[in-house]
Amino acid sequence: MPYCRDCGNSEYFTASQISPVAPTATGTISGLVGKFDEDGELVEMEAMGASEVTRDAAAVNPLVYFDTCMECGSNRITW
Ligand SMILES: [Zn+2]
């Protein structure tokens, strides 16, 4: 499962390579946010600018896409 080595977050990760369409009030830093369960399975995805193709690709291979901790912004993620 994904795990942030800096803050311990193992639930919410973002994809740094996907830019949001527009900045949001909540300060989203990526066009794609993934939520993972305790088994490391991708259970939810929120796409703010990611295309359908990108969403599908990320669902199939989350390890490649979700490279940034949403809690602290670190990219020191252990899978
Ligand atoms: Zn973190």
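Two strands pair if DSSP finds at least two bridges between them. Strands (E, at least two residues) and helices (H or I, at least four residues) are DSSP runs, numbered from the N terminus.

The model is predicted: local features need pLDDT of at least 70, side-chain atom pairs count only at pLDDT 80 or more, and totals for chains, interfaces and linings use all residues. Residue numbers start from 1 along each chain as its sequence is written.

An open sheet is formed by 4 strands in the order β4-β3-β2-β5, with antiparallel pairing. Its edge strands, β4 and β5 (68-69), each pair on one side only. Two of the pairings are listed below.

| Strand pair | Sense | Bridges | Bridge partners |
|---|---|---|---|
| β3 (residues 32-36) and β4 (residues 42-47) | antiparallel | 5 bridges | Val33 and Glu46 |
| β2 (residues 12-14) and β5 | antiparallel | 2 bridges | Phe13 and Cys69 |

The hairpin of β3 and β4 has 5 residues between the strands, and Gly40 takes a positive phi near 85 degrees there. Helix α1 (residues 52-60) lies across β3 and β4 and runs at about 160 degrees to β4. Such angles run from 0 to 180 degrees between N-to-C directions, with axes fitted as lines to C-alpha atoms, for helices over the stretch in contact.

The largest nonpolar core (buried Ala, Val, Leu, Ile, Met, Phe, Trp, Tyr and Cys residues joined through C-beta atoms within 7 Å; buried means 20 or more other C-beta atoms within 10 Å of the residue's own, placed from the backbone) has 13 residues. Phe13, Ala15, Leu32 and Tyr65 touch the most other members. Strand β3 supplies the largest share of this core, 3 residues. Beyond four places in sequence, Phe13 is in contact (C-beta atoms, placed from the backbone, within 7 Å) with residues including Pro2, Gly34, Phe36, Cys69 and Ile77.

Notes. A residue is buried if 20 or more other C-beta atoms lie within 10 Å of its own, exposed if 12 or fewer, and partly exposed in between; C-beta atoms are placed from the backbone. Two residues are in contact if their C-beta atoms, placed from the backbone, lie within 7 Å.
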